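Trainee: I'd like a close look at just one part of this model, the open sheet in chain A. Could you walk me through that?

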Amino acid sequence: MSADLSHLAIEASDLVKVFGATRAVDGLDLKVPAGSVYGVLGPNGAGKTTAVRILATLLRPDGGQATVFGHDVVREADAVRSRVSLTGQYASVDEDLTGMENLVLLGRLLGHRKPAARDRAGQLLEAFGLTDAADRQVKNYSGGMRRRVDIAASILNTPDLLFLDEPTTGLDPRSRNQVWDIIRIVVAHGTTVLLTTQYLDEADRLADRIAVIDEGKVIAEGTPGELKASVGAGTVHLRLRDRTQRPEAERVLSRALGSPVQMDADPVALTARVSADGDESRAAEQASRALAELAHAGITVDDFSLGQPSLDEVFLALTDHPADRGPSTDEETAA
Amino acid sequence: MSTATETRAESATPYSPAAETLGTVLAPGQRPARPSPLSASITFGWRAVLKIKHVPEQLFDVTAFPIIMVLMFTYLFGGALADSTRDYLQYLLPGIMVTSVVMITMYTGVGVNTDIEKGVFDRFRTLPIWRPAALVGAIFGDVLRYILASTTIILVGLVLGFRPQGGVFGVLAGVGLLVVFSFAFSWIWTMFGLLLRSEKSVMGMSMLILFPLTFLSNVFVQPVTMPGWLQAFVEVNPITHLVAAVRSLMAGQPAVGEIFWTLVAGALIVAVFGTVTMRLYNRK
């Protein structure tokens, strides 16, 4: 639990942002150690993007305060701006311009003279595998290429802190892996990354620490290991042959696992958490015991699986309400 | 889980990020000095020019629209008001040039409104640069459109028989004053572009302001022919002073008072609407 608090990239306390009747950010506290990847995990509408926009000086908070490398995001916004970059959820490049023009434009705005800006743009396009697409308008790029030119724009002057707002949402698996690799390389060179995501496995793979946020507040914080242990080591998914046996199966399962059982929309399906204090081998043991008890009670199970907790289940565990996610999201870790 | 569904032809060998190549472009701590306000604004102006280069059709409204305006009003009113279209053109042309260019300024608001909704403005607003640069640059780009529209009208006018007494210098001075005023006037539209929700509402609001402002002036007829209450409005309308000033310059007899009031009006518009625009921009 002991992050080095003497060297913080971000320190936010009691941040509030209200839009009309909605409290998008509602008392958010955050401490992000420098030199790490910090994951902010939450469903659509949890306040992730609003929080990032406040920290990146795009929105003024209605309450609380935040500093980035010791500079106040409202009073010393320019000092913050000179040290951070943002790659937003939607392309933060000009889609009407070519990749080359975008990077030269940004280089000029960051103070490079024209020849230097052109050289730098060329190097970045090369490093991001976009040399062939340099003279094409960004609107004709694939999703993965767009994301790459966006990140290239963000590191034109290597920032001390890089905000990545849902960098892989909507990307195909290969492009997602490319973005993950890029993030790892950028962090290895000393840039702190704050990453927002809806995917537990993305936060799990990349982040050194994770804050889970819901309704504008941090509801859990820690290393991925700590977080998973608090939620449980796994999740059991069951499909029964006979739907009339479901109430009985629920009783048996909740007794065997000692945790609440969720009735899925599918009338023969059930989902339950296996806590086992985060220990995966003990979780497997508990799950097989539960399966044996079901057989003993005469309940026929057609399909059985034990997987990592999904974001939905993390939410269910932490908030007692399911993550209300948009229709555009892909399936979670299908285990 | 198959990744072979990628149908877009990116390149023969898929990109894979390499630590060595990416490492060479990562240089923490190296930052050039920030650009001056003027340099940043000119860079944003260059962005506007690049957009025109990629979508040249957007120049249609600054070429076709002014030509239609000149032809329409010259032949519509010329016979009735001055017995001859050629005589009327000497009076009308500077005014119709002002009307067309001032009307074109509203596209500044439409442009800001659509542009600001896109993610790229998030990036601009996180840059450590002079805050108004993005908007000043956008208006620089629009100034090119104003010059193009003015040139088109002058050329059409010359073909139809417009013979300005002020000569080349007088015409250039008139166009120059109009462009300076339009630059100032554009800040009204940046404000509406930031204030209103949609492109349509920006257009609607622009029409509501532009029609009375351009028609209730001395563009088409002498104000002495109007009832007293209307003359009172026409007298304070900055467009009236602008038209009088441009007319006087093109006629080779500069009316210093009218030029002065035009510049004062322009400065006031920038002071008021520029300030409101930047407040809205910083809050957005």
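What is the order of the four strands in the open sheet of chain A, and is the pairing parallel or antiparallel?

Mentor: Quick housekeeping before the sheet. This is a predicted model, where local features need pLDDT of at least 70, side-chain atom pairs count only at pLDDT 80 or more, and totals for chains, interfaces and linings use all residues. Residues are numbered from 1 along each chain as its sequence is written, while chains are lettered from A and ligands numbered from 1 in the order in which they are written.

Now the sheet: the order runs β2-β1-β4-β5 in chain A, and the pairing is antiparallel. Strands here are DSSP runs of E, at least two residues long, and helices are runs of H or I of at least four, both numbered from the N terminus. Two strands count as paired if DSSP finds at least two bridges between them. At the edges sit β2 (22-33) and β5 (71-72) of chain A, each pairing on one side only. Follow β2(A) inward and you meet β1 (residues 8-19) of chain A, its antiparallel partner over nine bridges. For a spot to zoom in on, take F19(A), which stands opposite T22(A) in β2(A).

Then there's a helix on the sheet: α1 (residues 48-55) of chain A packs there, touching β1, β2 and β4 (63-68) of chain A. Contact means that C-beta atoms, placed from the backbone, lie within 7 Å. The direction of α1(A) makes about 120° with that of β1(A); axes are lines fitted to C-alpha atoms, for helices over the stretch in contact, and angles run from 0 to 180 degrees between N-to-C directions.

To place all this, the domain assignment, which is automatic or from a database, gives chain A domain 1 (8-228) and domain 2 (233-308).

Methods: Two residues are in contact if their C-beta atoms, placed from the backbone, lie within 7 Å.
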